[in-house]
Each structure stands twice: as C-alpha cells, then as structure tokens.
Amino acid sequence: MKVDKVRIYLGHDNKTKKRFLKGDVMNFFNEYFSGYTIYETDGLYKGEMEESYVIEYLNLDGYLDEKFYKTLKEDGEEYFEQYSILVTMEQIEFI
C-alpha cells in the first residue's frame with residue numbers, strides 16, 4: 001500500500017533561541033492530527049545551529065492534501081512566530 005509521509009521541521013523559539021516546550025508543540029499539532037511522531041533534533045538554519053523538532057505524519061486516510069499542509073505551515077509560522085516551517089511530503093510503501 002502507498003501512503004504520503006509528511007515531515008514538518010520546526011526550529012527553535014526565535015526570541016529565546018531554545019527549543020519550544022514539547023507540550024506546546026504537541027498542543028498545536030494535536031489540533032491537526034490524531035497521531036504523529038515527534039523527534040527532538042538539532043538543525044542548522046542560515047548557518048546557525050538550533051534545537052528543533054521534526055514531526056512525522058502518515059496520511060493513511062489519504063484525505064489530507066497540499067492545501068491542508070500549506071495552511072498548517074502558515075498557521076504554524078504564525079503560532080510559533082517562525083520565519084519559516086518546512087513541510088515535505090513523499091510517497092512511501094508500507095505493509
């Protein structure tokens with residue numbers, strides 16, 4: 001079976017330069033997804049290291065589309081006061 005795997009890359013708080021509290025991140029994404037995986041990571045943005053998160057979601061039902069993810073990206077940028085949140089999608093096969 002094929003499914004879209006979506007990854008959302010969320011950098012650190014631009015004011016404090018620290019990773020957002022996981023509970024705050026989960027509260028935001030709980031409004032969009034009923035289940036996902038969240039990773040604490042270290043990333044590089046414009047040459048600067050930052051504590052960040054990667055949120056991974058499998059679109060098993062297939063009803064979420066690019067318009068939904070664009071809205072999610074824009075809402076997240078506003079909510080977290082981010083310059084940019086990266087959203088990627090790839091199709092994978094799973095058993």
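This report describes the packing of one helix and the salt bridges in a predicted model.

## Packing of helix H1

Helix H1 spans residues 22-30, and its buried residues are Val 25, Phe 28 and Phe 29. Viewed along the axis of H1, these buried residues fall within an arc of 90°, so they line one face of the helix.

The buried residues of H1 pack against three strands and one helix, namely strand S1 (2-10), strand S2 (37-45), strand S3 (48-59) and helix H2 (66-79).

## Salt bridges between S4 and S1

The count of salt bridges in the model comes to nine. One of them joins the side chains of Glu 90 and Lys 5, with an N to O distance of 3.8 Å. Glu 90 belongs to strand S4 (residues 86-93) and Lys 5 to strand S1, so this pair ties together parts that lie 85 residues apart in sequence. The two partners fall into separate accessibility classes: Glu 90 is partly exposed, with a relative accessible area of 36%, whereas Lys 5 has a relative accessibility of 15%. Lys 5 counts as buried because its value is under 20%.

Glu 90 also forms a salt bridge with Arg 7, in which the closest N and O atoms are 3.3 Å apart. Arg 7 lies in strand S1 and Glu 90 in strand S4, so the pair ties together parts separated by 83 residues in sequence. Arg 7 has a relative accessibility of 24% and counts as partly exposed.

## A salt bridge from the S1-H1 loop

A further salt bridge is formed by Arg 19 and Asp 42, whose closest N and O atoms are 3.7 Å apart. Arg 19 is located in the loop between S1 and H1, while Asp 42 is in strand S2, so the pair ties together parts 23 residues apart in sequence. Asp 42 is exposed, with a relative accessible area of 57%. Strand S2, which holds Asp 42, is also among the elements against which the buried residues of H1 pack.

## The shared network

Salt bridges with partners in common join Lys 5, Arg 7, Glu 56 and Glu 90 into one network. Within this network, Glu 90 is bridged to Lys 5 and to Arg 7. Strand S1 holds Lys 5 and Arg 7, and this strand is also one of the elements packed against by the buried residues of H1.

Key: Residues numbered from 1 in each chain as written. Predicted model: local features only at pLDDT ≥ 70, side-chain atom pairs only at ≥ 80, totals over all residues. Heavy atoms only, no water. Buried < 20%, exposed > 50% of the residue type's maximum accessible area, 1.4 Å probe, protein only. Helix = DSSP H or I, 4+ residues; strand = E, 2+ residues; numbered from the N terminus. Arc of directions from axis to C-beta. Contact = heavy atoms within 4.5 Å. Salt bridge = Lys/Arg side-chain N within 4 Å of Asp/Glu carboxyl O.
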